[in-house]
Amino acid sequence: SGLVVVSKRAGEADVENFHLPRDRVWKVDVGVDTNRFSPRKSEPQLRKTLGIGPEEVVVGVVARIQWHRRFDVFLEAFRRASGKMPNLRAMLVGRGTNMVPVAVEPAKRMGLNGKVVFPGYKYDDEYIDALASMDIKVFLVPGTDGSCRAVREAMAMGLPIIAARRGMLPEIVQHGENGFIVDDTPENLSEAIVKLASDEALRRRMGVASRQIAVERFSLDKEVKEIEAVYKSLLVKA
């Protein structure tokens with residue numbers, strides 16, 4: 001009777017590929033709990049546990065640590081950026097059966113011991129605390145969840161985002177407003193990291209924009225109302 005998609009690009013492709021009537025395809029943003037995922041005023045516990053000082057800028061990644069998630073690109077970009085900014089730290093939150101060869105060993109070979117930390121997989125409030133410990137969120141490859149929920153949650157936490165020009169990421173991150181969309185080469189990613197890490201006012205402004213976008217577009221109440229509107233529309237057409 002109708003199709004709900006989470007991406008405008010995906011919706012257009014479905015209309016074209018499956019010959020669907022446009023008036024029966026709805027794009028609805030995936031919602032997150034913007035009350036639970038919200039900026040924290042107190043110092044995150046994880047920063048204290050890891051010995052990360054207030055003067056250090058943390059670039060965070062939340063992803064399953066697998067070969068295809070382009071950790072090689074991130075680590076090389078971080079190596080270049082940290083050479084220009086000694087106060088940079090990287091936090092890789094997640095797990096994976098190939099975690100050691102994918103990320104741990106490469107970080108050691110690059111001389112990034114102590115610069116890159118692996119706090120592991122985080123649940124519930126510890127996950128929120130991990131996001132709060134970051135100053136910048138990087139996301140390069142959408143995983144099995146094509147809606148990129150991890151980016152939406154980070155935005156709700158008030159984080160500026162650096163994302164690759166992949167999947168629906170350009171639909172979530174507004175380039176120059178709440179972060180940067182980059183063609184994810186080490187050079188481009190490093191440049192974006194340095195630009196944000198070296199400018200606290202820019203990080204703050206983009207973080208505020210992230211939070212505002214999340215509240216306006218990704219609230220659970222908005223998602224409920226839009227899904228309800230889909231069913232009402234279909235009932236009228238039935």
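For the classes used below, Ala, Val, Leu, Ile, Met, Phe, Trp, Tyr, Cys and Pro count as nonpolar, Asp, Glu, Lys and Arg as charged, and the others, Gly among them, as polar. By these classes, the lining of the largest pocket has eleven nonpolar, four polar and eleven charged residues. The model on display is predicted.

**The largest pocket**

Begin by selecting Arg 40, Ala 132, Met 134, Asp 135 and Gly 158. The largest pocket holds about 710 Å³ of space, and these five are the closest to its centre among the 26 residues that line it. Next, colour α5 (124-132) and α9 (200-217), the elements that give two or more residues to this lining. Of the elements, α9 contributes the most, with seven residues.

**The second largest pocket**

Keep α5 in view and add α6 (149-156); each of these helices supplies at least two residues of the lining of the second largest pocket. The largest share, three residues, comes from α6. This pocket encloses about 590 Å³ of space. To centre the view, select Val 62, Ala 63, Arg 64, Tyr 121 and Ala 150, which lie nearest the pocket centre out of 24 lining residues. The lining comprises ten nonpolar, five polar and nine charged residues.

**The cavity**

A search of the whole structure finds one cavity of 30 Å³ or more, and the volume of the largest cavity is about 80 Å³. Select Val 61, Val 62, Ala 63, Arg 69, Arg 70, Phe 71, Phe 74, Val 138, Phe 139, Leu 140 and Val 141 to display its lining. Three elements each provide at least two of the lining residues: β3 (57-62), α3 (71-84) and β6 (136-139). Which classes are represented here? Nine of the lining residues are nonpolar and two are charged, with no polar residue.

**Strand β7 and its neighbours**

From β6, move to β7, with which β6 pairs in the parallel sense over three bridges. Phe 139 has Ala 163 of β7 as its bridge partner. Tracing the chain from β6 through α6 to β7 shows a right-handed β-α-β crossover.

Now select residues 161-164, strand β7. Are its two faces covered or open? Both are covered: Ile 161 and Ala 163 are buried on one side, and Ile 162 and Ala 164 are buried on the other. In a regular strand the side chains alternate between the two faces of the sheet.

Finish at strand β8 (residues 179-182), which runs parallel to β7 and is joined to it by four bridges. Within this pairing, Ala 164 stands opposite Val 182 of β8.

Conventions: Residues numbered from 1 in each chain as written. Predicted model: local features only at pLDDT ≥ 70, side-chain atom pairs only at ≥ 80, totals over all residues. Heavy atoms only, no water. 1 Å grid on protein atoms, 1.4 Å probe; cavity = no way out; pocket = protein on both sides within 12 Å on 5 of 7 lines; lining within 4 Å. Points joined across faces, edges and corners; volume = space filled by probe spheres on them. Buried < 20%, exposed > 50% of the residue type's maximum accessible area, 1.4 Å probe, protein only. Pairing = 2+ DSSP bridges. Right-handed = clockwise from strand over helix to strand, strands pointing away.
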